[in-house]
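Colleague: Before I use this model, I would like to hear the reasons behind the labels. Please set each value against its definition.

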Amino acid sequence: QVQLVESGGGLAQAGGSLRLSCVVSGSISSINAMGWYRQAPGKQRELVAEIINGGSTNYADSVKGRFTISRDGAKNTVYLQMNSLKPEDTAVYYCNSRGVIVGLSFNSWGQGTQVTVSS
């Protein structure tokens, strides 16, 4: 069983910064990708950033230049550094991980952490 535990959400002012962390645990054979998605009220969940095994990254256009995703492979942890926050960044942020566990592929989600940016 794969578990994802997020931390680091909270309240920030516009222009401020927050850092999200997500630890993936379980008898994991390999992790192929880790990423962050977000869902604002009344909107669909959207990709914010992801990092693929090997180090390549993808970002939503709305966060390019402001957010940075990184990964500590030894700790199975993914981070999202969010700078120059805007009120439109307000959402529940979900950690996602895809990989293999006991010979089977998995695609797992964390419970979500609220990020609120005030103007």
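The exchange below takes the labels in turn.

Modeller: This is a predicted model, in which local features need pLDDT of at least 70 and side-chain atom pairs count only at pLDDT 80 or more, while totals for chains, interfaces and linings use all residues. Residues are numbered from 1 along each chain as its sequence is written, and side-chain values use heavy atoms, with hydrogens and water left out.

Colleague: How do you know what confidence the predictor has in the chain?

Modeller: From pLDDT, the predictor's confidence in each residue, from 0 to 100. The chain has a mean of 95, and 100% of its residues reach 70 or more. Confidence is lowest in strand β4 (residues 28–39), with a mean of 92, and highest in strand β11 (residues 113–118), at 98.

Colleague: What makes up the secondary structure of the chain?

Modeller: Helices (H or I, at least four residues) and strands (E, at least two) are DSSP runs, numbered from the N terminus. By that rule the chain has zero helices and eleven strands.

Colleague: What makes β3 and β8 a pair?

Modeller: Two strands pair if DSSP finds at least two bridges between them. Strands β3 (residues 18–25) and β8 (residues 77–82) are joined by six bridges and run antiparallel, so the criterion of at least two is met. Within this pair, Leu18 has Met82 of β8 as its bridge partner.

Colleague: How many bridges join β7 to β8?

Modeller: Six, and these strands also run antiparallel. Ser70 stands opposite Tyr79 in β8. The two strands form a hairpin with four residues between them, and Asn76 in the turn has a positive phi of about 50°.

Colleague: Why do β1 and β7 stand at the edges of their sheet?

Modeller: The open sheet has four strands in the order β1-β3-β8-β7, with antiparallel pairing. β1 (3–7) and β7 (67–72) each have a single partner strand, so one side of each is left without a neighbour in the sheet. The twist averages 15° from one strand to the next, where axes are lines fitted to C-alpha atoms and angles run from 0 to 180 degrees between N-to-C directions.

Colleague: Why is Ser97 called buried?

Modeller: Buried means under 20% relative accessible area, exposed over 50%, and partly exposed in between (1.4 Å probe, protein chains only). Ser97 has 0%, so it is buried. This residue lies in strand β9 (residues 91–101). Leaving out residues up to four places away in sequence, Ser97 touches eight residues by name: Leu4, Val24, Ile31, Ala33, Met34, Phe106, Asn107 and Ser108. Contact means heavy atoms within 4.5 Å.

Colleague: Is Gln44 buried or exposed?

Modeller: Gln44 has a relative accessible area of 70%, and therefore counts as exposed. Its place is in the loop between β4 and β5 (46–52). Apart from neighbours within four places in sequence, Gln44 is in contact with Arg38 and Gln39.

Colleague: What makes Gly8 partly exposed?

Modeller: Its relative accessibility is 35%, so Gly8 falls between the two limits. Gly8 lies in the loop between β1 and β2 (10–13) and touches Leu18, Arg19 and Leu20, not counting residues up to four places away in sequence.

Colleague: How do you know that the radius of gyration agrees with a compact globule?

Modeller: The radius is taken over C-alpha atoms, and the globule rule is 2.2 Å times the number of residues to the power 0.38. For 119 residues the rule gives a value near 14 Å; the chain has 14 Å, which agrees.
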